[in-house]
Amino acid sequence: MSLSKSAESREAHNQRTTGKECSFATNPKILIVEDDLAIARTLLVSLKARGYLPTVVQSATRALTAANEWKPDAVLLDLGLPDLSGLEVLRSLRRWSEVPVLIVSARHDEAGKINALNEGADDYITKPFSMGELLARLRANLRRAASNASEEESQISSKDGYLVVDLARRQVFVNAEFIHLTPREWDILAYLVQHRGRLVTKVELLHKIWGTQYEKETNYLRVYISQLRHKIEPESTRHTYLHTEVGVGYRMVLDGA
Ligand code: CA
C-alpha cells in the first residue's frame with residue numbers, strides 16, 4: 001500500500017515529539033481488518049510510527065487466513081466487510097484463538113458492537129476514533145494478554161495505591177484498610193479486576209457470576225455495582241476505578257488511563 005509522504009512525515013514528527021509508544025519486548029504484530037482504505041492507511045501509518053508491525057487485509061476471508069498464518073498479537077476488526085461480516089470473522093477466530101480483538105466500527109452500529117463483545121471481542125472503538133484512544137486501548141489489551149500468558153500476578157493495585165485487590169487471598173484493601181465484601185461482591189470485583197482495562201458487558205457479568213438464565217437481570221448488577229462503589233471508590237459518585245459504559249457494561253480502570 002502506498003502512503004502519502006505528508007502523512008508519513010507527520011507521523012514521524014509525532015513520534016519524535018511523543019516518544020516511542022510501543023514498549024513490548026518484541027514489536028507486536030497488529031492485523032488491521034478494514035475495507036475502507038483511508039481508515040486502513042491512517043491505522044497502518046500510525047501503528048508503524050509507534051513501533052508496531054501492522055498489516056492490512058480488506059476482507060473476512062483474508063482476515064482468517066492472515067490470523068492463522070501470520071499469528072498477530074492483536075486484531076483491529078471492522079464489522080462491515082465486503083464478503084462476510086466481522087462478527088463471522090470473530091466467531092471463527094474464537095474457535096481456536098484467544099488473540100485480543102478490538103472492534104473498530106461505526107457509531108450507528110451499537111447492536112453489532114454489543115453482539116461482538118458478547119461473542120468474545122475484547123473491546124470496541126467507535127468511528128470516527130481518536131488515535132490516542134485507539135492506541136491506549138490497544139496497549140491495555142496487549143498488556144493484559146501478555147500478563148495472562150505469563151503467570152497471573154496475585155496482587156493488583158490501582159496506580160495511586162488506594163485500591164489493592166489480592167486475587168489469591170481474596171482480600172481487598174482500600175486506603176490500606178481491609179474491606180469486607182460479600183461473596184457475590186467479591187466475585188464481581190475479582191472478575192472486573194482480572195479483566196481490568198477491558199469493557200465487560202452486563203450480559204457477560206450476569207453469565208459469569210449468576211449463570212446464563214439470569215442474563216436479563218440487569219437490576220441485580222446495578223445494586224451490586226453500587227454497593228461495590230460505596231466500598232472501593234474514594235468517592236462513590238465519581239467512579240474513579242469502576243467506570244460505567246452507558247448501555248453496555250463496566251470497565252475497571254486501575255492505571256489511571
Ligand atoms: Ca467497512
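What follows is a short conversation about reading salt bridges, pockets and one loop residue in a predicted model.

Reader: Let's start wide. How many helices and strands does the protein chain have?

Author: There are 9 helices and 12 strands in the protein chain. Keep in mind that the model is predicted. Of the 257 residues in the protein chain, 47% are buried.

Reader: And what share of the contacts with a separation of 6 or more comes from residues 24 or more positions apart?

Author: That share is 58% in the protein chain.

Reader: On to salt bridges. What's the general idea, and how many are there here?

Author: Side chains of opposite charge can pair when their charged atoms come close. In this structure the count comes to 16 salt bridges.

Reader: Give me one to look at. Which residue does D123 meet in a salt bridge?

Author: D123 pairs with R251, at 3.1 Å from N to O. This pair ties together distant parts of the chain: D123 sits in strand β5 (residues 123-127) and R251 in strand β12 (residues 249-252), 128 residues apart.

Reader: Are those two buried or exposed?

Author: Anything under 20% relative accessible area counts as buried. D123 has 0%, so D123 is buried. R251 has 6%, so R251 is buried too.

Reader: What about a pair within one helix? Where do E133 and R137 lie?

Author: Both are in helix α6 (residues 131-149), 4 residues apart, which is about one turn of the helix. Their salt bridge has its closest N and O atoms 2.8 Å apart.

Reader: How do E133 and R137 come out on accessibility?

Author: Use the cut-offs again: partly exposed falls between the 20% and 50% limits. E133 is at 35%, so E133 counts as partly exposed. R137 is at 13%, so R137 is buried.

Reader: Now D166 and R169. What is the N to O distance in their salt bridge?

Author: It's 2.9 Å for D166 and R169. D166 is at 2% relative accessibility and counts as buried, whereas R169 is exposed, with a relative accessible area of 57%.

Reader: Which residues get joined into one network by salt bridges that share partners?

Author: D123, E133, R137, E245 and R251. The strand pair of D123 and R251 and the helix pair of E133 and R137 both have their residues in that network.

Reader: Let's do pockets. How do I read the largest pocket, starting with how much space lies in it?

Author: Begin with volume, then ask what lines the space. The largest pocket holds about 500 Å³. Its lining has 20 residues, and those nearest the centre are A140, R143, R196, G197 and D255.

Reader: Which element gives the most to that lining?

Author: Helix α6 does, with 8 residues. At least two residues each come from α6, β6 (155-157) and β12. By character, the lining of the largest pocket splits into 10 charged, 7 nonpolar and 3 polar residues.

Reader: Why does the largest pocket lie between the two domains?

Author: Because domain 1 (5-149) and domain 2 (155-252) both give residues to its lining.

Reader: And the second largest pocket, what is its volume?

Author: About 400 Å³ for the second largest pocket. It is lined by 19 residues, with E98, G120, Y191, R198 and E204 closest to its centre. Two or more residues of that lining come from each of α5 (110-118), α6 and α8 (202-210). The largest share, 4 residues, is from α8.

Reader: How do the residues of that lining divide by character, and where does the pocket lie?

Author: The lining of the second largest pocket has 7 charged, 6 nonpolar and 6 polar residues. Both domain 1 (5-149) and domain 2 (155-252) supply residues to the lining of the second largest pocket, so this pocket lies between them.

Reader: Last stop, a loop residue. Where is P82, and is P82 buried or exposed?

Author: P82 is in the loop between β3 (74-77) and α4 (86-94). Exposed means over 50% relative accessible area, and P82 is at 58%, so P82 is exposed.

Reader: Which residues does P82 contact, leaving aside neighbours within four places in sequence?

Author: Those are D35, Q58 and S59. To compare sequence with space, take A60: P82 and A60 are 22 residues apart in sequence and 7.7 Å apart in space, C-alpha to C-alpha.

Conventions
Residues numbered from 1 in each chain as written. Predicted model: local features only at pLDDT ≥ 70, side-chain atom pairs only at ≥ 80, totals over all residues. Heavy atoms only, no water. Salt bridge = Lys/Arg side-chain N within 4 Å of Asp/Glu carboxyl O. Buried < 20%, exposed > 50% of the residue type's maximum accessible area, 1.4 Å probe, protein only. 1 Å grid on protein atoms, 1.4 Å probe; cavity = no way out; pocket = protein on both sides within 12 Å on 5 of 7 lines; lining within 4 Å. Points joined across faces, edges and corners; volume = space filled by probe spheres on them. Nonpolar A, V, L, I, M, F, W, Y, C, P; charged D, E, K, R; others polar. Domains from an automatic or database assignment. Contact = heavy atoms within 4.5 Å.
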